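Welcome! Here is a short guided briefing for anyone meeting this structure for the first time. Take a look at the model, then read on.

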Amino acid sequence: MDITVQCIKTSWTKQSRGGEAAARRNAAPVGFSLPQVPPGFADFVQMSERDGFELRSSQKDLREIGVSLRDEGDRLRVLARVEPLFGLPPRPRRPPAVRLLPGQRVRWQLNYRFTSALGIRGWWYWLDTFNIAYGHVDWDVFLSEPTVIVDECGPVR
(Lines give C-alpha, C1' and ligand atoms only; values in the text may rest on other atoms or scores of the structure.)
Protein backbone atom coordinates (compact mmCIF):
# COMPACT_ATOMS: atom_id res chain seq x y z
CA MET A 1 0.00 0.00 0.00
CA ASP A 2 1.23 3.52 -0.80
CA ILE A 3 2.28 5.82 2.04
CA THR A 4 2.76 9.51 1.24
CA VAL A 5 4.38 11.84 3.77
CA GLN A 6 4.91 15.59 3.75
CA CYS A 7 6.83 17.09 6.67
CA ILE A 8 6.72 20.87 7.13
CA LYS A 9 9.13 22.53 9.57
CA THR A 10 8.55 26.21 10.32
CA SER A 11 11.06 28.03 12.56
CA TRP A 12 11.24 31.55 14.01
CA THR A 13 12.49 33.71 16.88
CA LYS A 14 10.59 36.12 19.10
CA GLN A 15 11.03 38.73 16.33
CA SER A 16 8.19 36.92 14.49
CA ARG A 17 5.83 36.67 17.46
CA GLY A 18 3.94 39.86 16.59
CA GLY A 19 3.25 42.33 13.80
CA GLU A 20 3.97 41.77 10.11
CA ALA A 21 6.43 38.93 10.67
CA ALA A 22 3.87 37.00 12.73
CA ALA A 23 1.25 37.61 10.04
CA ARG A 24 3.63 36.13 7.41
CA ARG A 25 4.38 33.16 9.66
CA ASN A 26 0.72 32.52 10.45
CA ALA A 27 -0.17 32.72 6.75
CA ALA A 28 2.14 29.80 5.96
CA PRO A 29 0.13 26.88 4.53
CA VAL A 30 -0.20 23.61 6.46
CA GLY A 31 -0.06 21.59 3.23
CA PHE A 32 1.50 21.90 -0.21
CA SER A 33 1.10 20.20 -3.56
CA LEU A 34 3.38 17.20 -3.90
CA PRO A 35 6.46 17.01 -6.10
CA GLN A 36 7.67 13.64 -7.42
CA VAL A 37 9.00 11.80 -4.38
CA PRO A 38 10.46 8.28 -4.65
CA PRO A 39 9.03 5.50 -2.44
CA GLY A 40 10.53 5.51 1.05
CA PHE A 41 11.03 9.28 1.05
CA ALA A 42 9.05 12.24 2.36
CA ASP A 43 8.51 15.67 0.85
CA PHE A 44 10.38 17.85 3.37
CA VAL A 45 9.42 21.53 3.41
CA GLN A 46 11.22 24.16 5.49
CA MET A 47 10.20 27.75 6.13
CA SER A 48 12.19 29.98 8.46
CA GLU A 49 12.15 33.54 9.69
CA ARG A 50 15.68 34.19 8.43
CA ASP A 51 14.52 33.40 4.85
CA GLY A 52 11.30 35.44 5.13
CA PHE A 53 9.30 32.19 5.44
CA GLU A 54 10.12 31.30 1.85
CA LEU A 55 9.45 27.69 0.96
CA ARG A 56 12.47 25.35 0.68
CA SER A 57 11.61 21.87 -0.48
CA SER A 58 13.74 18.74 -0.45
CA GLN A 59 13.36 15.02 0.17
CA LYS A 60 14.20 13.02 3.29
CA ASP A 61 14.27 9.34 3.99
CA LEU A 62 11.15 8.35 5.95
CA ARG A 63 13.40 7.07 8.76
CA GLU A 64 14.83 10.59 9.21
CA ILE A 65 11.58 12.39 9.93
CA GLY A 66 9.88 12.59 13.29
CA VAL A 67 7.05 10.19 12.73
CA SER A 68 6.64 6.46 13.30
CA LEU A 69 4.80 4.59 10.53
CA ARG A 70 3.84 0.94 10.80
CA ASP A 71 1.82 -1.00 8.26
CA GLU A 72 -0.57 -3.25 10.21
CA GLY A 73 -2.04 -5.05 7.22
CA ASP A 74 -5.31 -3.24 6.61
CA ARG A 75 -4.32 -0.06 8.49
CA LEU A 76 -1.37 2.30 8.82
CA ARG A 77 -0.36 3.17 12.40
CA VAL A 78 0.92 6.77 12.68
CA LEU A 79 2.54 8.34 15.73
CA ALA A 80 4.50 11.60 15.68
CA ARG A 81 7.64 11.56 17.80
CA VAL A 82 8.48 14.43 20.14
CA GLU A 83 11.93 15.63 19.08
CA PRO A 84 13.97 16.81 20.83
CA LEU A 85 12.82 15.95 24.32
CA PHE A 86 14.13 19.12 25.99
CA GLY A 87 11.86 21.58 24.14
CA LEU A 88 8.76 23.17 25.63
CA PRO A 89 5.83 22.76 26.06
CA PRO A 90 5.90 19.69 28.31
CA ARG A 91 3.88 16.77 26.94
CA PRO A 92 3.07 14.55 29.93
CA ARG A 93 0.07 12.97 28.18
CA ARG A 94 0.24 12.34 24.47
CA PRO A 95 -2.60 11.36 22.16
CA PRO A 96 -2.67 7.75 21.00
CA ALA A 97 -1.44 6.66 17.60
CA VAL A 98 -3.79 7.17 14.65
CA ARG A 99 -4.72 4.14 12.56
CA LEU A 100 -5.55 5.07 8.98
CA LEU A 101 -7.59 2.99 6.57
CA PRO A 102 -6.74 3.13 2.86
CA GLY A 103 -7.84 6.48 1.45
CA GLN A 104 -7.53 8.33 4.77
CA ARG A 105 -5.14 11.12 5.79
CA VAL A 106 -3.87 12.66 9.01
CA ARG A 107 -2.36 16.07 9.79
CA TRP A 108 -0.35 16.00 13.04
CA GLN A 109 1.13 19.22 14.46
CA LEU A 110 3.59 19.76 17.32
CA ASN A 111 5.19 23.03 18.41
CA TYR A 112 8.35 23.71 20.41
CA ARG A 113 10.17 26.51 22.22
CA PHE A 114 13.89 26.41 22.95
CA THR A 115 16.44 28.55 24.70
CA SER A 116 20.22 28.36 25.03
CA ALA A 117 21.59 26.70 28.15
CA LEU A 118 22.34 30.05 29.81
CA GLY A 119 19.44 31.92 28.20
CA ILE A 120 21.86 34.29 26.45
CA ARG A 121 20.60 33.87 22.88
CA GLY A 122 16.91 34.21 23.62
CA TRP A 123 14.10 31.92 22.57
CA TRP A 124 13.44 30.26 19.24
CA TYR A 125 10.45 28.27 18.10
CA TRP A 126 9.45 25.68 15.58
CA LEU A 127 6.29 24.01 14.36
CA ASP A 128 6.28 20.52 12.84
CA THR A 129 3.38 19.59 10.58
CA PHE A 130 3.16 16.02 9.33
CA ASN A 131 0.72 15.28 6.50
CA ILE A 132 0.36 11.55 5.91
CA ALA A 133 -1.86 9.72 3.42
CA TYR A 134 -2.45 5.99 3.16
CA GLY A 135 -3.22 4.70 -0.32
CA HIS A 136 -2.89 6.16 -3.80
CA VAL A 137 -3.05 10.00 -3.86
CA ASP A 138 -3.02 12.89 -6.32
CA TRP A 139 -0.49 15.76 -6.25
CA ASP A 140 -2.99 18.04 -4.46
CA VAL A 141 -3.94 15.62 -1.64
CA PHE A 142 -2.60 17.84 1.16
CA LEU A 143 -4.34 21.01 -0.01
CA SER A 144 -7.67 20.01 1.55
CA GLU A 145 -8.77 19.03 5.05
CA PRO A 146 -7.54 15.62 6.21
CA THR A 147 -9.64 12.80 7.65
CA VAL A 148 -7.99 13.20 11.09
CA ILE A 149 -6.34 16.23 12.71
CA VAL A 150 -4.10 15.84 15.75
CA ASP A 151 -3.14 19.19 17.29
CA GLU A 152 -0.43 18.75 19.90
CA CYS A 153 0.44 22.45 19.98
CA GLY A 154 0.78 23.75 23.49
CA PRO A 155 1.46 27.12 25.13
CA VAL A 156 4.97 28.40 24.42
CA ARG A 157 4.48 32.03 25.58
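Which exposed residues does helix 1 carry on the face turned away from its buried side? They are Gly19 and Glu20. Please keep in mind that this is a predicted model. The points below start with that helix and then move on to the sheets, the cores and the cysteines.

**Helix 1**
- Helix 1 covers residues 19–26, and its buried residues are Ala21, Ala22 and Arg25.
- Viewed down the axis of helix 1, these buried residues stay within an arc of 95 degrees, so they line one face of the helix.
- This fits a general pattern: an α-helix has 3.6 residues a turn, so residues three or four places apart point the same way.
- Strand 1 (3–13) is included in what covers the buried residues of helix 1.

**The sheet of 6 strands**
- One open sheet has 6 strands in the order 3-2-1-8-7-9, and its pairing is mixed.
- Its edges are strand 3 (56–61) and strand 9 (148–152), each of which pairs on one side only.
- On average, and with direction ignored, neighbouring strands in this sheet are turned by 20 degrees against each other.
- Strand 7 (residues 105–115) and strand 9 run parallel and are joined by 5 bridges.
- If you would like a place to look, find Arg107, whose bridge partner in strand 9 is Ile149.

**The sheet of 3 strands**
- Another open sheet has 3 strands in the order 4-5-6, with antiparallel pairing.
- Strand 4 (67–71) and strand 6 (98–100) are its edge strands, and each pairs on one side only.
- Here, neighbouring strands are turned by 20 degrees against each other on average, again with direction ignored.
- Between strand 4 and strand 5 (residues 76–80) there are 5 bridges, in the antiparallel sense.
- Val67 has Ala80 of strand 5 as its bridge partner.

**The nonpolar cores**
- The largest nonpolar core has 22 residues; those touching the most other members are Ile65, Val78, Leu100, Val106, Trp108, Phe130 and Ile132.
- At least two residues of this core come from each of strand 1, strand 2 (41–48), strand 5, strand 6, strand 7 and strand 8 (123–134).
- The most generous contributor is strand 7, which gives this core 5 residues.
- Leu100 is a handy residue to explore: setting aside neighbours within four places in sequence, its contacts are Asp74, Arg75, Leu76, Val78, Arg105, Val106, Ile132 and Tyr134.
- Apart from the largest core lies another core of 10 residues, including Ala28, Val45, Met47 and Phe53.
- As general background, nonpolar side chains in soluble globular proteins tend to be buried together.

**The cysteines**
- How many disulfides does the model have? The count comes to 0.
- Cys7 is in no disulfide, and the nearest cysteine sulfur, in Cys153, is 13 Å away.
- A disulfide needs the two sulfur atoms within 2.5 Å, so at 13 Å the sulfur of Cys153 is too far from that of Cys7 for a bond.
- Are these two residues buried or exposed? Cys7 is buried, with a relative accessible area of 3%, whereas Cys153 is partly exposed, with a relative accessible area of 34%.

Terms used:
Residues are numbered from 1 along each chain as its sequence is written. This is a predicted model: local features need pLDDT of at least 70, side-chain atom pairs count only at pLDDT 80 or more; totals for chains, interfaces and linings use all residues. Side-chain values use heavy atoms; hydrogens and water are left out. Buried means under 20% relative accessible area, exposed over 50%, partly exposed in between (1.4 Å probe, protein chains only). Two strands pair if DSSP finds at least two bridges between them. Helices (H or I, at least four residues) and strands (E, at least two) are DSSP runs, numbered from the N terminus. Axes are lines fitted to C-alpha atoms, for helices over the stretch in contact, and angles run from 0 to 180 degrees between N-to-C directions. The arc is that of the directions from the helix axis to the C-beta atoms. Contact means heavy atoms within 4.5 Å. A nonpolar core is a set of buried Ala, Val, Leu, Ile, Met, Phe, Trp, Tyr and Cys residues joined through side-chain atoms within 4.5 Å.
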